[in-house]
Amino acid sequence: MEDKEIINLYWERDESAVNETSLKYGRLCSYIAGNILSSYEDSEECVNDTYFAVWNEIPFKRPDRFPAFIGRIARNLALKKYEYISAAKRNPEAVTSLEELGDCVSGTDSIESEIEKKHIEDTISKFLWQQSSEKRNIFIRRYWYFDSIGTICKYTGFSQSKVKSMLYEMRRKLRQYLESEGIDV
């Protein structure tokens, strides 16, 4: 089923929309949540919460890119769940990914308003689109999907040292780019 048809089902409050979403995007949501949470049970709970959140959001928004819309919801819910359970369990890949980016984008109190957050998101997006698709994909796999370095190596065929080097260089360039755009890091 096409995304527009699925969105129309949500808009009409047809419960089959959830099933269609699960069939088409269940693996994507599970992949995102699984990389962050490292627990099958927690990630399944997160995926179900994602469907519920999409059900509640669609009447207010008609997303242009449904996979990005549902992926963002799944990721945000997984990060909230991770934060909740992180005192007891830790996913070293997610922690490492977030720590790596911490030098470029910090969660300081000075970046609280939605306008500032949107500006930062747009600036990062602009930076990524200026990079080669290869570098952009590696960056997104690491910091959006929380893929391990080993998984990225399997996906790209690059050595671990090359992937680490590319990520390091991208973080360095991102930091410079953000600073040049007037964003304090």
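The following paragraphs lead through the cores, aromatic contacts, cysteines and one helix of this structure. The model is a predicted one.

The nonpolar interior offers a starting point. In soluble globular proteins, nonpolar side chains tend to be buried together. Here the largest nonpolar core comprises 27 residues, and those that touch the most other members are Tyr-10, Ile-36, Leu-37, Val-54, Ile-58 and Phe-66. At least two residues of this core come from each of helix H1 (3-11), helix H2 (16-37), helix H3 (40-57) and helix H4 (66-85). The greatest contribution is that of H4, which gives eight residues. Another core, of 19 residues, lies apart from this one and includes Ile-120, Ile-124, Leu-128 and Val-163.

Aromatic side chains supply a further set of contacts. The structure contains seven aromatic pairs. Through ring pairs, Tyr-10, Tyr-25, Trp-55, Phe-66 and Phe-69 are joined into a cluster. Two of these residues, Tyr-10 and Phe-66, also appear among the core members that touch the most others. Charged groups meet aromatic rings as well. Arg-62 places its charged end over the ring of Trp-11, at 4.2 Å from the ring centre. The charged end of Lys-162 lies over the ring of Phe-158, with 4.4 Å to the centre.

The cysteines call for separate comment. A disulfide is a covalent bond between the sulfur atoms of two cysteines. Searching the whole structure yields zero disulfides. For Cys-29, the reason is distance: the closest cysteine sulfur, in Cys-46, is 8.1 Å from its own sulfur, too far for a bond, given that a disulfide requires sulfur atoms within 2.5 Å. Cys-29 is buried, at 0% relative accessibility. Cys-153 likewise counts as buried, its relative accessible area being 12%.

Helix H9 shows how burial is arranged around a helix. Spanning residues 160-180, H9 has 21 residues, and the distance from its first C-alpha to its last is 30 Å, close to the 30 Å expected at 1.5 Å a residue. Its buried residues are Val-163, Met-166, Leu-167, Met-170, Arg-171, Leu-174, Tyr-177 and Leu-178. Viewed down the helix axis, the buried residues of H9 fall within an arc of 135°, and therefore line one face of the helix. Ser-161, Tyr-168 and Ser-180 are exposed on the other side of H9. Val-163, on the buried face, is also one of the members of the 19-residue core. After H9 comes Gly-182, which has a positive phi, near 85°.

Terms used
Residues are numbered from 1 along each chain as its sequence is written. This is a predicted model: local features need pLDDT of at least 70, side-chain atom pairs count only at pLDDT 80 or more; totals for chains, interfaces and linings use all residues. Side-chain values use heavy atoms; hydrogens and water are left out. Rings of Phe, Tyr and Trp (its six-membered ring) pair if their centres lie within 6.5 Å; planes under 30 degrees apart count as stacked, over 60 as edge-to-face and the rest as tilted. A charge sits over a ring if NZ of Lys or CZ of Arg is within 6 Å of the ring centre and within 35 degrees of the ring normal. Buried means under 20% relative accessible area, exposed over 50%, partly exposed in between (1.4 Å probe, protein chains only). Helices (H or I, at least four residues) and strands (E, at least two) are DSSP runs, numbered from the N terminus. The expected span of a helix is 1.5 Å times one less than its number of residues. The arc is that of the directions from the helix axis to the C-beta atoms. A nonpolar core is a set of buried Ala, Val, Leu, Ile, Met, Phe, Trp, Tyr and Cys residues joined through side-chain atoms within 4.5 Å.
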